[in-house]
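This report covers the fold, the helix packing, the nonpolar cores and one charged pair of a single chain. Please read it alongside the sequence and the model.

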Amino acid sequence: MTAASTTTALPHAGERRMRAARTTLILLGTSGLLFGLYVLVDTVRITRLPGVALWIGAAIVLHDAVLAPLVFFCGLLLRRAGRRVTGTIVLVVQAAIVVGSIMTLIVVPAIVARSLTSNNPSILPLDYGRNLALFWVAVALVATVWSVVLYARSRRANQRPSSRQS
């Protein structure tokens, strides 16, 4: 037995901690999924489960077909802007897209439900489409202001001489 085979047979302390952390996270995630399944089966009527499955399936398709590529290509376009756009600005824009998309995913069923229900204004009393549009405007405004502040900071930091320079 060589020294190299001996060292690979025994995992280092860091590897054992990483394996323990992964095992713990897998167990926590599996427990959360099982609890969610229990709550779903316990609280939702069986006749409503196909609708829930459709909503979850649509959310997965929208995420994989729309949201993920949109965030990826926005990040790609911003990174192509060169040194003018820092990585933190890219993250701010991507986070704004994700937050707005999640809110859209939550609100669209209410918009659809409002169009399908009778004219009883007390069932769904708000104008969800207008409120969603205002939410997107607010998210875009916050992301723009935050990006401008980050851009100004990075420009100021790049214009200052380094303390290491003489």
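Buried means under 20% relative accessible area. The model described here is predicted.

## A buried serine in α5

S147 is part of helix α5. Its relative accessible area is 11%, so S147 counts as buried. With residues up to four places away in sequence left out, S147 touches I89, V92 and V93. Two of the residues touched by S147, I89 and V92, also belong to the largest nonpolar core.

## Overall fold

The chain has five helices and zero strands. In sequence order the pattern is α-α-α-α-α.

Of the 166 residues in the chain, 13% are buried. Taking contacts between residues at least 6 apart in sequence, 58% join residues that are at least 24 apart.

## Packing of α4 against α5

How do the axes of α4 and α5 cross? They come within 9 Å and cross at roughly 175°. Angles over 145 degrees count as roughly antiparallel, and α4 is therefore roughly antiparallel to α5. The contact of α4 with α5 is made by 19 nonpolar residues, six polar residues and one charged residue.

## Nonpolar cores

Which residues make up the largest nonpolar core? It consists of six residues: I89, V92, A96, V139, A143 and L150. Helix α4, spanning 87-116, and helix α5, spanning 128-159, each supply at least two residues of this core. Another core lies apart from it and has five residues, including V107, A110, L124 and Y128.

L150, one of the residues of the largest core, is in contact with T88, I89 and V92 when its neighbours within four places in sequence are left aside. I89 and V92 are thus named among the contacts of L150 and among those of S147.

## The salt bridge

How many salt bridges does the count give? The count comes to one. The side chains of D127 and R130 meet in a salt bridge, with an N to O distance of 3.6 Å. The cut-off for such a pair is 4 Å between the side-chain nitrogen and the carboxyl oxygen.

Are D127 and R130 buried, exposed or partly exposed? D127 has a relative accessibility of 40%, so it counts as partly exposed. R130 has a relative accessible area of 47% and is partly exposed. Both values fall between the cut-offs of 20% for buried and 50% for exposed.

Note on methods
Residues are numbered from 1 along each chain as its sequence is written. This is a predicted model: local features need pLDDT of at least 70, side-chain atom pairs count only at pLDDT 80 or more; totals for chains, interfaces and linings use all residues. Side-chain values use heavy atoms; hydrogens and water are left out. A nonpolar core is a set of buried Ala, Val, Leu, Ile, Met, Phe, Trp, Tyr and Cys residues joined through side-chain atoms within 4.5 Å. Buried means under 20% relative accessible area, exposed over 50%, partly exposed in between (1.4 Å probe, protein chains only). Helices (H or I, at least four residues) and strands (E, at least two) are DSSP runs, numbered from the N terminus. Contact means heavy atoms within 4.5 Å. Axes are lines fitted to C-alpha atoms, for helices over the stretch in contact, and angles run from 0 to 180 degrees between N-to-C directions. Angles under 35 degrees count as roughly parallel, over 145 as roughly antiparallel, 65 to 115 as roughly perpendicular and the rest as oblique. Ala, Val, Leu, Ile, Met, Phe, Trp, Tyr, Cys and Pro count as nonpolar, Asp, Glu, Lys and Arg as charged, and the others, Gly among them, as polar.
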